Amino acid sequence: MKVRFACLLSLFLFLGCQKSPQQLPEISENDLQKAAVIEQTLQREIEKGELLEALQTDDDELQQRGFLVSRFIKKLIDLILPAHLEHFDSNHAGLSEKQETFVEYRGVYGRCHQFRVFYKYKDSRVENVEWASSVLSVPVKDKANINAGVVLAPTLDGFTPFIESGLWLKLCRKGLATLMPESLYRKQEGHWQKLHFDPTPPYKTVDEFSLYEESIQRYEFVLNKNIEILRSFDSLMTDRDDRLTDLNVMNVEPQRVGFWGSSFGAVVGALVVAKDPKIKAAVLTVGGGDLPYVVSRSKISLFKKTRQAQMKLLGIQSINEYETFISQYLQSDPLRFAKKTDAKRLYMILAKKDRSVPTKAQYELYQKFGQPENSRLRAGHVLTLLFTSWFNSGISRRSIDSLIQKLEKQPRKQ
């Protein structure tokens, strides 16, 4: 009798000491309505005024006015989007722990719960950087889910709600988890400082001709790290030592991880997808190959200023001569790795009037990849990105449907 009582008491104490998993709030109808209002508001602002016309024209004055309107829309997005991802405690205890990767709950956006994933990171450019973070957006558990996730690769500006938040909403609505690089963290005077993740080629001195190659390699490393994190989803732990899959969120199976890259994210993403055959589904928006051609002709301000300074330093007079010179420093070109057999994994969105990633470079990559499924928009760079992320257009629907179809075909985890 005493032995039985002792066993029952031990069992009671054991169960009583078990920590219950973190409880996530229910996603309410109000949360869904807020997301719908955000989407509708931004579509209205983008549609009116001169922005759409300006983004399709070669007229410099009209383009300048369109640029000012686009800056206003960016500010509007910052004001109306949920602010929970901005909050960060500079005394963050979790960043001092031995755990290499952990997840912290942040809030709700649309149909998904959002987390910040912290992981160990080293960046030679920024002193004392030890950690990086990505934004993880995951639907709630549902029998209809396909248990798939997508790594989002942002543009040259890094994470900006101007483009990526629209993709979050669309992919979340379809039941897909997303993970996107967000910030770097460095220790300064005993506190953690949050830095904007910036995949921009680092402009140090004009005679550092390998700056583009350095930037591509850094960004490729970060994207591969994010793919690795999504593939190990079922082993992720929260900052409260809960297993993420014990919470009320969908699981992501390792063979059901896809990719979506925009602009520079599509350029570097083409490398990532070409080198990783386990990625069975990817969308590349306005990405291109033949990078010497791109950096020698792109109208992006960073490229123009760097190009002009380097040409002046070298005494180079023609763009063709500069293209030949810079080609010796660009080894990580998607055209070197793309294969025609990759076509079955890809969906490409091409801009017919692109001067940032020139249209010629986009079509060259499209041919090298074996002419995959695609949509073509008679527009420039930014307008194509906006249509893909914020408009419920045929382009965005077809690309998302293609992504889901490819991920659904992957075998279930046994």
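**Exercise 1. A β-α-β unit**

Find out which elements make a right-handed β-α-β unit in this chain, and how many bridges join its two strands.

*Step 1.* The unit is built from strand E7, helix H7 (residues 264-275) and strand E8. "Right-handed" has a precise meaning: with the strands pointing away from you, the path from the first strand over the helix to the second runs clockwise. Helices and strands here are DSSP runs (H or I over at least four residues for helices, E over at least two for strands), numbered from the N terminus.

*Step 2.* A quick word on the source. This is a predicted model, in which local features need pLDDT of at least 70 and side-chain atom pairs count only at pLDDT 80 or more, while totals for chains, interfaces and linings use all residues. Residues are numbered from 1 along each chain as its sequence is written, and side-chain values use heavy atoms, with hydrogens and water left out.

*Step 3.* Now the strands: E7 (residues 257-262) and E8 run parallel, joined by four bridges. Strands count as paired if DSSP finds at least two bridges between them. Phe-259 has Ala-282 of E8 as its bridge partner.

*Step 4.* E8 has another partner, too: strand E9 (residues 346-351) pairs with E8 in the parallel sense, again over four bridges. Here Ala-282 sits opposite Leu-346 of E9.

**Exercise 2. Faces of E8 and the residue that follows**

Sort the residues of strand E8 by the way they point, then say whether Val-286 is buried or exposed.

*Step 1.* Start with the rule: in a regular strand, side chains alternate between the two faces of the sheet.

*Step 2.* In E8 (residues 282-285), Ala-282 and Leu-284 point one way, whereas Val-283 and Thr-285 point the other way. All of them are buried, a word that means under 20% relative accessible area (exposed is over 50%, partly exposed in between, with a 1.4 Å probe and protein chains only).

*Step 3.* Val-286 lies in the loop between E8 and helix H8 (291-297). Its relative accessibility is 0%, so Val-286 counts as buried.

*Step 4.* Check the backbone of Val-286: its phi is positive, about 45 degrees, although it is not a glycine. Most residues other than glycine have a negative phi.

*Step 5.* Compare Glu-189, in the loop between strand E5 (177-188) and strand E6 (191-196). Glu-189 also isn't a glycine, and its phi is positive, near 55 degrees. Glu-189 is exposed, with a relative accessible area of 77%.

**Exercise 3. Strand E2 and its neighbours**

Which strands pair with E2, and why is E2 described as largely enclosed?

*Step 1.* Strand E1 (residues 101-109) pairs with E2 in the antiparallel sense over eight bridges. Together they form a hairpin with two residues between the strands, and Gly-110 in the turn has a positive phi of about 65 degrees. Tyr-109 is bridged to Cys-112 in E2.

*Step 2.* Strand E3 (residues 129-139) also pairs with E2 in the antiparallel sense, over nine bridges. There, His-113 is opposite Val-138 of E3.

*Step 3.* Eight of the nine residues of E2 are buried, so the rest of the structure largely encloses this strand.

*Step 4.* Zoom in on Gln-114, which belongs to E2 (residues 112-120). Gln-114 has 1% relative accessibility and counts as buried. Beyond its neighbours within four places in sequence, its contacts (heavy atoms within 4.5 Å) include His-84, Tyr-105, Leu-136 and Trp-168.

**Exercise 4. Two helix pairs**

Decide how H9 lies relative to H10, and how H5 lies relative to H13.

*Step 1.* You need axes: lines fitted to C-alpha atoms, for helices over the stretch in contact, with angles from 0 to 180 degrees between N-to-C directions. Under 35 degrees is roughly parallel, over 145 roughly antiparallel, 65 to 115 roughly perpendicular, and the rest oblique.

*Step 2.* The axes of H9 (residues 301-314) and H10 (residues 319-327) come within 11 Å and cross at roughly 90 degrees. So H9 is roughly perpendicular to H10. Their contact has six nonpolar, one polar and one charged residues. The classes are: Ala, Val, Leu, Ile, Met, Phe, Trp, Tyr, Cys and Pro nonpolar; Asp, Glu, Lys and Arg charged; the others, Gly among them, polar.

*Step 3.* The axes of H5 (residues 164-173) and H13 (residues 381-390) come within 7 Å, crossing at roughly 30 degrees. That makes H5 roughly parallel to H13. This contact has three nonpolar, four polar and one charged residues.
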